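Let's take a walk through a protein model together, starting from one residue and working outwards. Keep the sequence and the 3D view open as you read.

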Amino acid sequence: MRITNNILSSNLLSNLQKSSNKMIDLQNNISTGEAISKPSDDPSKITAILGLKTNITSMEQWKDNASQALDYMSSVESVTANMTSMLQRLRGLAVQGSNQTNSPEDLGEIKKEADQIIEQLGVMANSQVGSRYIFSGTNTDTAPWPGTGLWTGNTESLSVELGANVSFDISINGQQLFGVNSATGVSDFFTALNNFSTALNNGDYTAVGNSISDLDSLLSSFIDGRAELGAKISRVETINNNLETSIINAQTNLSNLRDTDLAAAIVDYNSTMNTYRAALSVGAQIIQPSLVDFLR
């Protein structure tokens with residue numbers, strides 16, 4: 001077979017084009033830091049890379065949900081902790097007021113403090129975190145204790161997604177916490193507080209003493225509610241930490257599959273560049289001028 005200048009030129013240009021394309025690919029790998037950016041780069045790895053990216057996106061959303069859930073539940077815990085302290089103070093006032101050595105004036109002073117606490121408890125029973133009422137169940141846009149004094153919430157769970165098919169209840173049960181009668185909406189909580197205030201106003205030492213056991217029941221309900229909430233906070237903290245670890249591991253795996261080995265890529269680029277330059281030099285010597293070039 002006769003090798004003509006056209007064949008030599010075509011082969012040279014083809015090889016130069018291959019080297020040029022390889023240098024472009026290596027430049028992209030070095031500049032982006034990614035050895036695999038499209039399916040054709042490595043079909044065997046692209047499925048695993050896309051799967052890891054999807055998993056990381058999902059886990060980051062779940063972790064964000066967990067962080068928001070922790071913020072929400074911590075705020076609810078702060079409210080219930082303050083209400084518990086107020087109930088404990090009311091119990092102390094009940095013990096003090098049940099002593100029959102108190103004069104009517106003494107009971108009047110006790111009532112003044114008790115009524116202030118009771119009023120504040122009423123305000124805190126309609127507490128919000130952001131724009132959400134915390135004791136209303138899923139009726140978060142409605143105050144649980146409107147002017148009627150009857151509970152308007154529900155017992156449905158306020159849930160967030162913390163994993164694949166994992167829905168977690170971050171709410172506190174307002175019906176149990178306040179001892180709400182499901183049929184009437186009347187609350188043992190406010191009934192006990194009103195009875196205590198009335199007993200002080202009437203100077204009824206016996207009724208004031210009876211309020212102690214009522215307040216103990218309210219305290220027990222709040223302590224139980226806070227214990228359940230604390231267990232939820234602990235679990236979400238664990239989930240949050242596990243998600244953080246899983247995200248780091250998945251990102252490491254993704255990096256191992258996708259990222260460019262910069263040292264190897266730079267060496268390969270320099271080698272390809274040297275080959276390209278050598279091919280240009282040798283090609284200029286191999287392809288000699290033709291007779292036509294001399295006739296021009």
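Start at phenylalanine 190, which is buried, with a relative accessible area of 18%. Here "buried" means under 20% relative accessible area, while exposed means over 50% and partly exposed is in between, using a 1.4 Å probe and protein chains only. Its neighbour phenylalanine 189 is buried too, at 0%.

Before going on, a quick word on the ground rules. This is a predicted model, where local features need pLDDT of at least 70 and side-chain atom pairs count only at pLDDT 80 or more, while totals for chains, interfaces and linings use all residues. Residues are numbered from 1 along each chain as its sequence is written, and side-chain values use heavy atoms, leaving out hydrogens and water.

Back to our two phenylalanines. A pair of aromatic rings is described by the distance of the centres and the angle of the planes. Rings of Phe, Tyr and Trp (its six-membered ring) pair if their centres lie within 6.5 Å; planes under 30 degrees apart are stacked, over 60 edge-to-face, and the rest tilted. By this rule there are eight aromatic pairs. In one of them, phenylalanine 189 and phenylalanine 190 sit edge-to-face, 5.0 Å centre to centre with 85° between the planes. Phenylalanine 189 also pairs with phenylalanine 222: the centres are 5.7 Å apart and the planes are at 35°, so this pair is tilted. That second pair links distant parts of the chain, since phenylalanine 189 is in helix α5 and phenylalanine 222 is in helix α6, 33 residues apart. Phe189, Phe190 and Phe222 belong to one aromatic cluster that also includes Phe135, Trp145 and Phe178.

Now look at α5 itself. Helices (H or I, at least four residues) and strands (E, at least two) are DSSP runs, numbered from the N terminus. The expected span of a helix is 1.5 Å times one less than its number of residues. For the 15 residues of α5 that should give 21 Å, and the end C-alpha atoms are indeed 21 Å apart, which agrees. At the start of α5, a side-chain oxygen of serine 187 comes to within 3.0 Å of the backbone nitrogen of phenylalanine 189. Just after α5, glycine 203 has a positive phi of about 65°. Which residues of α5 are buried? They are Phe189, Phe190, Ala192, Leu193, Phe196, Ser197, Ala199 and Leu200.

Next comes the core. A nonpolar core is a set of buried Ala, Val, Leu, Ile, Met, Phe, Trp, Tyr and Cys residues joined through side-chain atoms within 4.5 Å. The largest one has 61 residues, and Met83, Leu87, Leu90, Phe178, Phe189 and Leu193 touch the most other members. Two or more residues come from each of α2 (43–97), α3 (104–124), β3 (159–163), α4 (174–178), α5 (188–202) and α6 (205–258). The largest share, 17 residues, comes from α2. Take leucine 87: leaving aside neighbours within four places in sequence, leucine 87 is in contact (heavy atoms within 4.5 Å) with Leu121, Phe189, Leu193, Leu218, Leu219 and Phe222.

Finally, zoom out. The protein chain has eight helices and four strands, following the pattern α-α-α-β-β-β-β-α-α-α-α-α along the sequence. Of its 296 residues, 35% are buried.

Key: A polar contact is a pair of N or O atoms within 3.5 Å; within protein, one must be able to donate a hydrogen and the other to accept it, and residues adjacent in sequence count only if both atoms are side-chain atoms.
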